[in-house]
Amino acid sequence: DYYHVQDMGDIDANNFSFRCKIKNNSNMGSVCHESRISVICTKGRFNVPLSIPGCVSNLFLTLGNSYFNGKEYDLSPLGCDIGDWTEFELVVTDKSCTISLNDETKLEERYSIDIGKVVGFKFKFNGVGEVDDVVLQDDSGTIVFSDSFEAI
């Protein structure tokens, strides 16, 4: 797991964008290569799982106070080969979420409660994963956090 939690200022969790690149090509852990990207907020969270296409029924998606179980809801758009670098983006506008992978919109859903302010994010991999080019922006497009994980 990789957590990054800090004072992000006054970034509204109901209006922001978060993007990154992830990769999970490990032979350790699950054959499904399940990975989770979470944006942590003061009153809730966004938890977006990804896996290989054959395992999407095992996924559980959380967007604010909306929950989607892969056994009851079609989460097949979140099935992808993340053995190669995959570009992930979550855009939230007035409690409406758009999830994109490699610049292609995969899922659009809404939630109904105010979930406060963004305070951080988390990456979780079954096996060994990699993260790069993390960018968090507020609703005006101002970059609040950015890291390309360059060696010092």
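Biologist: Let's start with two rings: are F18 and F123 buried or exposed?

Modeller: Happy to begin there, with the reminder that this is a predicted model. A residue counts as buried under 20% relative accessible area. F18 meets that description, and F123 does too. For both F18 and F123, then, the word is buried.

Biologist: How are the rings of F18 and F123 placed, stacked or tilted?

Modeller: A pair of aromatic rings is described by the distance of the centres and the angle of the planes. A search of the whole structure gives nine aromatic pairs. For F18 and F123, the centres are 6.3 Å apart and the planes meet at 35°. Stacked needs planes under 30 degrees apart and edge-to-face over 60, so this pair is tilted.

Biologist: How many residues apart in sequence are the parts that F18 and F123 tie together?

Modeller: F18 sits in strand β2, while F123 belongs to strand β10 (residues 118–125). Their pairing therefore ties together parts whose separation in sequence is 105 residues.

Biologist: Which residues form one aromatic cluster with F18 and F123?

Modeller: Good follow-up! The cluster holds F18 and F123 together with three further names: Y2, F121 and F145.

Biologist: What kind of pair do the rings of F46 and Y111 make?

Modeller: Their centres lie 5.6 Å apart, with the planes at 75°. Edge-to-face applies over 60 degrees, so F46 and Y111 are edge-to-face.

Biologist: Where do F46 and Y111 lie, and what is the relative accessible area of F46?

Modeller: F46 is in strand β4 (residues 44–50), and Y111 is in the loop between β9 (104–110) and β10. Y111 counts as buried because its relative accessibility is 3%. F46 is buried as well, and its relative accessible area is 0%.

Biologist: Now a charged residue: is E34 buried or exposed?

Modeller: E34 is located in the loop between β2 (15–23) and β3 (35–41). Leaving aside neighbours within four places in sequence, its contacts include P49, L50, L59 and F125. The relative accessibility of E34 is 14%, so E34 counts as buried.

Biologist: Which side chain makes a polar contact of 3.0 Å with that of E34?

Modeller: A polar contact needs N or O atoms within 3.5 Å. At 3.0 Å, the partner of the E34 side chain is that of R36.

Biologist: Finally, what is the relative accessible area of E89?

Modeller: E89 is part of strand β7 (residues 86–93). Beyond its neighbours within four places in sequence, E89 is in contact with residues including F18, R19 and T98. E89 is partly exposed, and its relative accessible area is 27%.

Definitions and conventions. Residues are numbered from 1 along each chain as its sequence is written. This is a predicted model: local features need pLDDT of at least 70, side-chain atom pairs count only at pLDDT 80 or more; totals for chains, interfaces and linings use all residues. Side-chain values use heavy atoms; hydrogens and water are left out. Helices (H or I, at least four residues) and strands (E, at least two) are DSSP runs, numbered from the N terminus. Buried means under 20% relative accessible area, exposed over 50%, partly exposed in between (1.4 Å probe, protein chains only). A polar contact is a pair of N or O atoms within 3.5 Å; within protein, one must be able to donate a hydrogen and the other to accept it, and residues adjacent in sequence count only if both atoms are side-chain atoms. Contact means heavy atoms within 4.5 Å. Rings of Phe, Tyr and Trp (its six-membered ring) pair if their centres lie within 6.5 Å; planes under 30 degrees apart count as stacked, over 60 as edge-to-face and the rest as tilted.
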